[in-house]
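Me: I am new to this structure. Please take a close look at one part, then follow the connections outward from there.

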Amino acid sequence: MMQPIADLTLQFPPYDYKLKKKDGKLYIFDSIAKKYRLLSPEEWVRQHCLQYITQHLRYPSGMIQIEGGISVNQLQRRSDIQIFANDGTVFMIIECKAPHVKLTDVTWQQISQYQKQINSKYLVLTNGLETRFLEIDLLHQKTNTLTQFPIYL
C-alpha cells in the first residue's frame with residue numbers, strides 16, 4: 001500500500017497545512033491562490049515549496065503566480081510556479097514533481113521548454129526530496145549550478 005501523501009516527509013520544513021475532504025477526495029489549501037487544490041503527490045511538494053520560499057526565504061507572495069500559462073510549440077502549458085521580479089520579468093520558474101519522480105534530463109526538458117519562452121534568471125526543479133537550481137546568464141548564454149535558492153531581489 002502506498003504511503004498517504006500527508007505522511008511524506010520532504011526536504012522542506014513542515015508547516016501547518018490545511019486539508020479538507022470533499023466528495024471522497026482530499027484537498028490542500030493553497031495560501032497563494034487562496035483556494036483548495038486537489039491533493040496529489042506533486043501538489044504536496046508544490047505547497048511545501050511555496051511555504052518555504054514565502055515563510056523562510058521571504059519571497060513576496062504577491063509576486064508569485066501558480067500555474068502560469070505558457071505557449072510551447074503552439075500548445076498551452078502551465079508552469080507550476082513563476083516568481084516575478086519588481087520590473088515584471090520572471091525571476092524564477094519552479095517545476096515541482098512528485099517525490100517518486102527522479103530528477104533527470106527528461107524532467108529538465110519540461111522546464112527548459114518554459115525557459116525558452118520566458119527567459120527567467122533562475123530555474124528550479126524539485127521533487128521535494130531533491131532540489132536542483134540553475135542560474136541562467138542570458139547575456140553570455142551560460143548556466144551556473146547553484147546549491148540553494150537565490151536571494152529574492
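Reply:
**A close look at β3**

Start with D30: its bridge partner in β3 is K35. Bear in mind that this is a predicted model. D30 belongs to strand β2, residues 25-30. β2 and β3 run antiparallel, and 4 bridges join them.

Now widen the view. The sheet here is open and has 3 strands, in the order β1-β2-β3, with antiparallel pairing. β1 (19-22) and β3 (35-38) are the edge strands; each has a single partner, so one side of each lacks a neighbour in the sheet. Neighbouring strands are turned against each other by 40° on average, with direction ignored.

A helix packs on this sheet. Helix α1, residues 41-56, touches β2 and β3. Its direction makes about 20° with that of β2. The length of α1 fits expectation: at 1.5 Å a residue its 16 residues should span 22 Å, and the end C-alpha atoms are indeed 22 Å apart.

Is α1 enclosed or open? The rest of the structure largely encloses α1, because 12 of its 16 residues are buried. The buried residues include W44, V45, C49, L50 and I53. R46 and H48 are buried in α1 too. After the helix comes R58, where phi is positive, near 65°.

**Into the core**

Nonpolar side chains tend to be buried together in soluble globular proteins. Here the largest nonpolar core has 27 residues. I81, I83, M92, I94 and F149 have the most contacts inside it. Five elements give two or more residues each: α1, β4 (64-72), β5 (75-84), β6 and β7. The helix we just met, α1, gives the most, with 5 residues.

Which residues does I94 touch? Leaving aside residues up to four places away in sequence, I94 touches C49, I53, D80, I81, I83, V124, T126 and F149. Two of these, C49 and I53, are among the buried residues of α1. A second, separate core has 11 residues, including I93, I111, Y114 and L123.

**From β6 over α2 to β7**

Next, follow the chain through strand β6, residues 90-96. β6, helix α2 (residues 105-118) and β7 make a right-handed β-α-β unit. The two strands run parallel, joined by 5 bridges. C96 stands opposite T126 in β7.

The helix in the middle, α2, has 14 residues. From its first C-alpha to its last it reaches 20 Å, close to the 20 Å expected at 1.5 Å a residue. T107, W108, I111, Y114, Q115 and I118 are the buried residues of α2. Of these, I111 and Y114 also appear in the second core. Just after the helix, N119 takes a positive phi of about 60°.

In a regular strand the side chains alternate between the two faces of the sheet. Look at β7 with that in mind. Y122, V124 and T126 lie on one side, with L123 and L125 on the other, and all are buried. Both faces of β7 are therefore covered, where buried means under 20% relative accessible area.

**On to β8 and β9**

β7 has another partner to visit. Strand β7 (residues 122-126) and β8 run antiparallel, with 5 bridges between them. L125 stands opposite R132 in β8. The hairpin of β7 and β8 has 4 residues between the strands, and G128 takes a positive phi near 85° there.

β8 covers residues 131-137, and 5 of its 7 residues are buried. What comes after β8 in the pairing? Strand β9, residues 142-146, pairs with β8 in the antiparallel sense over 5 bridges. D137 has K142 in β9 as its bridge partner. β8 and β9 also form a hairpin with 4 residues between them. In that turn, Q141 has a positive phi of about 50°.

Conventions
Residues are numbered from 1 along each chain as its sequence is written. This is a predicted model: local features need pLDDT of at least 70, side-chain atom pairs count only at pLDDT 80 or more; totals for chains, interfaces and linings use all residues. Side-chain values use heavy atoms; hydrogens and water are left out. Buried means under 20% relative accessible area, exposed over 50%, partly exposed in between (1.4 Å probe, protein chains only). Two strands pair if DSSP finds at least two bridges between them. A crossover is right-handed if, with the strands pointing away from the viewer, the path from the first strand over the helix to the second runs clockwise. Axes are lines fitted to C-alpha atoms, for helices over the stretch in contact, and angles run from 0 to 180 degrees between N-to-C directions. Contact means heavy atoms within 4.5 Å. The expected span of a helix is 1.5 Å times one less than its number of residues. A nonpolar core is a set of buried Ala, Val, Leu, Ile, Met, Phe, Trp, Tyr and Cys residues joined through side-chain atoms within 4.5 Å.
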